[in-house]
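Please read the paragraphs below with the sequence and the coordinates open side by side. They go through the sheets, then through a group of charged side chains, and end with two single residues.

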Amino acid sequence: MILSIRNRFTGIITEIVDGSVMGTVTMNIPGGQTLTATVTMDAIKDLGIAVGTAVEALVKSTDIAVATTEVFGLSIRNKLQGTLVGLDSGGAMSVARIRVGEQIELTAAITRAAAEELKLEPGTPVTALIKSTEVSLSAV
């Protein structure tokens, strides 16, 4: 299957918290960080996943925000530390390429105005912010 989702990487599930309709799935990803997905309990069952299972995480680039300073007081679960390795800017939008660990490079679609305001350039330490509800899972 070919998908337009740019951000795809494998992780190992470390925790599943069941709910009545939705649950959270936490996984270790390459580079020593964790990622949490909030999905339906039906999806957890249909995927046949459990602690120790490898899954693929998928995140659209438009679902990633970028911060250049430490972030406090947010409900966003996923705050992945990384380094900006590239920035492609067009008329209104920019695509920030963020290295998170040695094996993962994320892309974040942000406005060109935001990229300029943040003074983004290669080598800038950044945090990729991703709501857990924006992380999809696929069985490996």
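The model shown here is predicted. A convenient place to begin is strand β2, which spans residues 22-29 and is joined to β3 by 8 bridges, the two strands running antiparallel. Within this pair, I29 has Q33 in β3 as its bridge partner, which gives the reader a specific residue pair with which to locate the two strands in the viewer.

These two strands belong to an open sheet of 5 strands, whose order is β3-β2-β1-β4-β10 and whose pairing is antiparallel. The edges of the sheet are taken by β3, residues 33-40, and by β10, residues 136-139; each of them has a single partner strand, so one side of each remains without a neighbour in the sheet. On average, and with direction ignored, neighbouring strands of this sheet are turned by 45° against each other. As a general background to such pairings, the strands of a sheet are held in register through backbone hydrogen bonds, in either a parallel or an antiparallel manner.Further along the same order of strands, β1, which covers residues 7-17, pairs with β4 in the antiparallel sense over 6 bridges, and in this pairing the bridge partner of G11 is V55 in β4. Strand β4 also pairs with β10, again in the antiparallel sense, over 4 bridges, and here V55 stands opposite A139 in β10. V55 can therefore serve as a reference point for both pairings, with G11 as its partner in one and A139 opposite it in the other. How many of the 6 residues of strand β4 are buried? For this strand, residues 54-59, the number is 5, so β4 is largely enclosed by the rest of the structure.

A second open sheet of 5 strands has the order β5-β9-β6-β7-β8, with antiparallel pairing. At its edges stand β5, residues 65-67, and β8, residues 104-111, and because each has a single partner strand, one side of each is left without a neighbour in the sheet. Neighbouring strands of this sheet are turned by 45° against each other on average, direction ignored. Inside this order, strand β6, residues 78-89, and strand β7, residues 93-100, pair in the antiparallel sense over 6 bridges, and T83 stands opposite R99 in β7.

R99 leads on to the charged side chains. A search of the whole structure finds 5 salt bridges, and D88, R97, R99 and E105 are linked in a network of such bridges. Following the network from one residue to the next, R97 forms a salt bridge with D88, in which the closest N and O atoms are 2.9 Å apart, and R97 also forms a salt bridge with E105, where the closest N and O atoms are 3.6 Å apart. The side chain of E105 in turn meets that of R99 in a salt bridge, at 2.9 Å from N to O.

Are the members of this network buried, exposed or partly exposed? R97, at 25% relative accessibility, counts as partly exposed, and D88 falls into the partly exposed class with 45%. E105 is partly exposed at 35% relative accessibility, and R99, at 37%, is likewise partly exposed.

Two single residues remain to be visited. T127 lies in strand β9, which runs over residues 125-130, and with a relative accessible area of 7% T127 is buried, since the cut-off for that class is under 20%. The side chain of T127 makes a polar contact with the side chain of Q81, at 3.2 Å. When residues up to four places away in sequence are not counted, T127 touches A65, V66, A67, K79, L80 and Q81.

The other residue, K119, is found in the loop between α2, residues 112-117, and β9. What is notable about the phi of K119? The angle is near 55°, a positive value in a residue other than glycine. In general, most residues other than glycine have a negative phi. K119 counts as exposed, at 64% relative accessibility, whereas T127 in β9 is buried.

Methods:
Residues numbered from 1 in each chain as written. Predicted model: local features only at pLDDT ≥ 70, side-chain atom pairs only at ≥ 80, totals over all residues. Heavy atoms only, no water. Pairing = 2+ DSSP bridges. Axes fitted to C-alpha atoms, helices over the stretch in contact; angles between N-to-C directions. Buried < 20%, exposed > 50% of the residue type's maximum accessible area, 1.4 Å probe, protein only. Salt bridge = Lys/Arg side-chain N within 4 Å of Asp/Glu carboxyl O. Polar contact = N/O pair within 3.5 Å; in protein donor to acceptor, adjacent residues only side chain to side chain. Contact = heavy atoms within 4.5 Å.
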